[in-house]
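Work through these exercises with the coordinates open. Try each task before reading its solution.

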Amino acid sequence: MKRRSTQLKSEQEPESRVENSIPCPVPGCDSKGHLSGKFDFHSAAEACPCYHHLTPEDCKSIYQKRIKLSADVDRLEASFGDKKELRQRPLQKSQSTYRSQVDRLRKTKTKSSTSESTRDEPSRDREGNLLGLTSEFDLNLFRQAQSQFAEAKQEQENHDDQSAKLIEFGTFEIESWYRSPYPDEYAKLRKIFICEFCLKYMRSAAILRRHMAKCVWRHPPGDEIYRKNNINFFEVDGKKSKVYCQNLCLLARLFLDHKTLYYEVEPFLFYVMTEYDSKGCHIVGYFSKEKHSLMNYNLSCILTLPHQMKKGFGRMLIDFSYNLSKIENRIGSPEKPLSDLGLISYRSYWTKVLMHYLADFEGKDISIKEISQETGIHLNDIISTFQYLGMVKYWKGKHIILRREDLIKEYSQHRVPESRKIDPTFIHWVPAKPKEDG
């Protein structure tokens, strides 16, 4: 992640990579041909005909055979009609003949041009010589499978190349991690320019400059419900600020693999965390939650923007969600299942909160229910965390907490800096009224 001054590229950069713009790394290859037989050029060794001891013409021949075989299989399956009890039906004459041919072909190995003692071993530059290892029939099947895989991978790369790879956001140029369903005319650009205040997306730096000259937004829409030092939280209603929340979801999808919500934002509230300076409130991250969750989830989706990661902001977002649950007099828990990154973040948060609680606890006996009421963490999340740490034993129908002084001491020595703590006294927020029946 670098500042704009060191990473901005020319406006004349091509919008999509030409297939042969990157030379093949295999020595002696001119990047022509493709293992799939479908494309004219390649840029990776795994798609190189030379690497697999083939010519571009060989690859095209394999591709034609694969297409013909696929059409024959489809035609044969269509002739079966009702496929019930297909295995119990007697073989047709054509099927018996084909089976006999396959059995005969598989008994004969391909002829190798080299002896076993001088056979080429697999190397970085060439695939090992497969001739003489198996029958011609099985070798052809293997080549067809390689061809099909190479085609699928190249098509996926071509599809990814048509998606935006970079975004310009404030003073940062950020590389995206995943595809986001921006409109086609934007998705095909190499870079999308986004206003860091209103989140409107644009096609060029010139359009962004003109927009910034007249954009009056300097903070997210909605109510400011927390302010301490230079950290702010804004509550944004997905129904009242629909376009902003949709743009926020599109931005988040660039960095979240599991996110599926983009446009149906009305049932959600978005809590946007910002850093304040003289120019305005700059987005750090956000979390969302349902307005009326049947499962009492206190968080649906969470994101810290890449250039703000590893600064303690993720923990602040999680902590803020639990503080809102405490104001609602509810025990909070994030929506399940958690993503891999989400589980790591939450497990780290739960561990630190629980270890600090046990370090400060002066009593003799304590129950998991009491810990849940004091910390606001759900019973199941507490049990799963203690189990992960090896601190729970199930004895006589009850969960017994094993007080591990080594872990408690280790975590108590690493206190969270005051600047990265949420101060509940600075939260000015009233929960929404429960939805009335009927």
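The exercises below concern this predicted model.

**Exercise 1. Overall make-up**

Task: State how many helices and strands the protein chain has, and what share of its residues is buried.

Solution:
- Step 1. Count the elements. The chain has 12 helices and 12 strands.
- Step 2. Apply the burial cut-off, under 20% relative accessible area. Buried residues make up 40% of the 438 residues.
- Step 3. Turn to contacts between residues at least 6 apart in sequence. Of these, 58% join residues at least 24 apart.

**Exercise 2. Helix α8**

Task: Check the span of α8 against its expected value, then decide whether the helix is enclosed or open.

Solution:
- Step 1. Take the length. α8 has 15 residues, and at 1.5 Å a residue these should span 21 Å.
- Step 2. Compare. The end C-alpha atoms are 21 Å apart, which agrees.
- Step 3. Look at burial. Because 12 of the 15 residues are buried, α8 is largely enclosed by the rest of the structure.
- Step 4. Name some of them. The buried residues include R315, D319, F320 and Y322.
- Step 5. Pick one for a closer look. N323 lies in α8. Its relative accessibility is 8%, so N323 counts as buried.
- Step 6. List its partners. Leaving out residues up to four places away in sequence, N323 touches I422, P424 and I427.

**Exercise 3. Helix α9**

Task: Do the span check for α9, then find which helices are among those that cover its buried residues.

Solution:
- Step 1. α9 has 21 residues. From first C-alpha to last, the helix reaches 30 Å, close to the expected 30 Å.
- Step 2. List buried residues. Among them are G342, Y346, W350, L354 and H356.
- Step 3. Find the cover. It includes α8, α10, α11 and α12.

**Exercise 4. The largest pocket**

Task: Describe the lining of the largest pocket and say which element gives the most to it.

Solution:
- Step 1. Size it. The largest pocket holds about 1400 Å³ of space.
- Step 2. Count the lining. There are 48 lining residues, and I302, T304, L341, G342 and S345 lie nearest the centre.
- Step 3. Assign elements. β10, α8, α9 and α12 each supply at least two lining residues. α9 gives the most, with 10.
- Step 4. Sort by class. The lining has 23 nonpolar, 14 polar and 11 charged residues.
- Step 5. Connect to Exercise 3. G342 is one of the residues nearest the pocket centre, and G342 is also one of the buried residues of α9.

**Exercise 5. Salt bridges**

Task: For the salt bridges of E151, E168 and K289, give the partner and the closest N and O distance.

Solution:
- Step 1. Get the total. The count is 18 salt bridges.
- Step 2. Start with E151. E151 pairs with K38, and the closest N and O atoms are 3.1 Å apart. E151 sits in helix α4 and K38 in the loop between α1 and α2, 113 residues apart.
- Step 3. Check accessibility. E151 is buried at 12%. K38 is partly exposed at 37%.
- Step 4. Extend the pair. K38, R66 and E151 are linked in a network of salt bridges.
- Step 5. Take E168. E168 pairs with K191, with the closest N and O atoms 3.9 Å apart. E168 lies in strand β2 and K191 in strand β4, so the pair ties together parts 23 residues apart in sequence. Both residues are buried.
- Step 6. Take K289. K289 pairs with E328, with the closest N and O atoms 3.4 Å apart. K289 lies in strand β9 and E328 in the loop between α8 and α9, so the pair ties together parts 39 residues apart in sequence.
- Step 7. Check accessibility again. K289 is buried at 6%. E328 is partly exposed at 23%.

**Exercise 6. Backbone exceptions**

Task: Find where S31, N296 and P337 are placed, and say what backbone feature each one shows.

Solution:
- Step 1. Recall the rule. Most residues other than glycine have a negative phi, and most peptide bonds are trans.
- Step 2. S31 is in the loop between α1 and α2. Its phi is positive, about 70°. S31 is buried at 6%.
- Step 3. N296 is in the loop between β9 and β10. Its phi is positive, about 60°. N296 is partly exposed at 38%.
- Step 4. N329, just after α8, also takes a positive phi of about 60°.
- Step 5. P337 is in the loop between α8 and α9. A cis peptide bond joins K336 and P337, with omega about 0°.

Terms used: Residues are numbered from 1 along each chain as its sequence is written. This is a predicted model: local features need pLDDT of at least 70, side-chain atom pairs count only at pLDDT 80 or more; totals for chains, interfaces and linings use all residues. Side-chain values use heavy atoms; hydrogens and water are left out. On a 1 Å grid over the protein atoms alone, a cavity is a set of points where a 1.4 Å probe fits but cannot get out, and a pocket is an open set with protein on both sides within 12 Å along at least five of seven lines; lining residues have an atom within 4 Å of a point. Grid points are joined across faces, edges and corners, and a volume is the space filled by probe spheres set on the points. Helices (H or I, at least four residues) and strands (E, at least two) are DSSP runs, numbered from the N terminus. Ala, Val, Leu, Ile, Met, Phe, Trp, Tyr, Cys and Pro count as nonpolar, Asp, Glu, Lys and Arg as charged, and the others, Gly among them, as polar. Buried means under 20% relative accessible area, exposed over 50%, partly exposed in between (1.4 Å probe, protein chains only). Contact means heavy atoms within 4.5 Å. A salt bridge is a side-chain nitrogen of Lys or Arg within 4 Å of a carboxyl oxygen of Asp or Glu. The expected span of a helix is 1.5 Å times one less than its number of residues.
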